[in-house]
Amino acid sequence: QVQLVESGGGLVQPGGSLRLSCAASGFSFSSYAMSWYRQAPGKERELVARMVSAGSSPTYTDSVKGRFTISRDNAKNTVDLQMNSLKPEDTAVYYCRAARLLSQRYYWGQGTQVTVSS
């Protein structure tokens, strides 16, 4: 059964750091583009970071460039998001997504809450 399980969320002060992790199982992880999305209350879900394959250049939304880093380990079937210099506007539920676009196959994790507040 396909599973994407996020962990690492929590409460952090502005300027602090968190590392999110997504553990995947039940599908061919290396064949999927892996992304992190987030959704704040009252806002649409937005793409935060994406890494299409191992060794590929990651992409980021402008608001997190220089602060967030996505990484993936195909041997462990995990994708992480290192978040530094966190801001209150980063507060959201963060979701892990696996996507095989050509096959139109998508999987979503359950989400993990990140709250940035003093």
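R38, E46, R67 and D90 are tied together in a network of salt bridges, a salt bridge being a side-chain nitrogen of Lys or Arg within 4 Å of a carboxyl oxygen of Asp or Glu. The model is a predicted one, where local features need pLDDT of at least 70, side-chain atom pairs count only at pLDDT 80 or more, and totals for chains, interfaces and linings use all residues. Residues are numbered from 1 along each chain as its sequence is written, and side-chain values use heavy atoms, with hydrogens and water left out.

Within the network, R38 pairs with E46, their closest N and O atoms sitting 2.7 Å apart. R38 also pairs with D90, this time at 3.0 Å. That second pair links distant parts of the chain, since D90 lies in the loop between β8 and β9 while R38 is in strand β4, 52 residues away (strands are DSSP E runs of at least two residues, numbered from the N terminus). Both D90 and R38 are buried, whereas E46 is partly exposed at 32% relative accessible area; buried means under 20%, exposed over 50%, and partly exposed in between, with a 1.4 Å probe and protein chains only.

Five salt bridges turn up by this rule. Another of them joins K65 to D62, at 2.9 Å between the closest N and O atoms. Here K65 is partly exposed at 49%, and D62 counts as exposed at 61%.

Then there is the largest nonpolar core, with 29 residues: a set of buried Ala, Val, Leu, Ile, Met, Phe, Trp, Tyr and Cys residues joined through side-chain atoms within 4.5 Å. L4, W36, L81, M83 and Y94 have the most contacts inside this core.

Terms used
Helix = DSSP H or I, 4+ residues; strand = E, 2+ residues; numbered from the N terminus.
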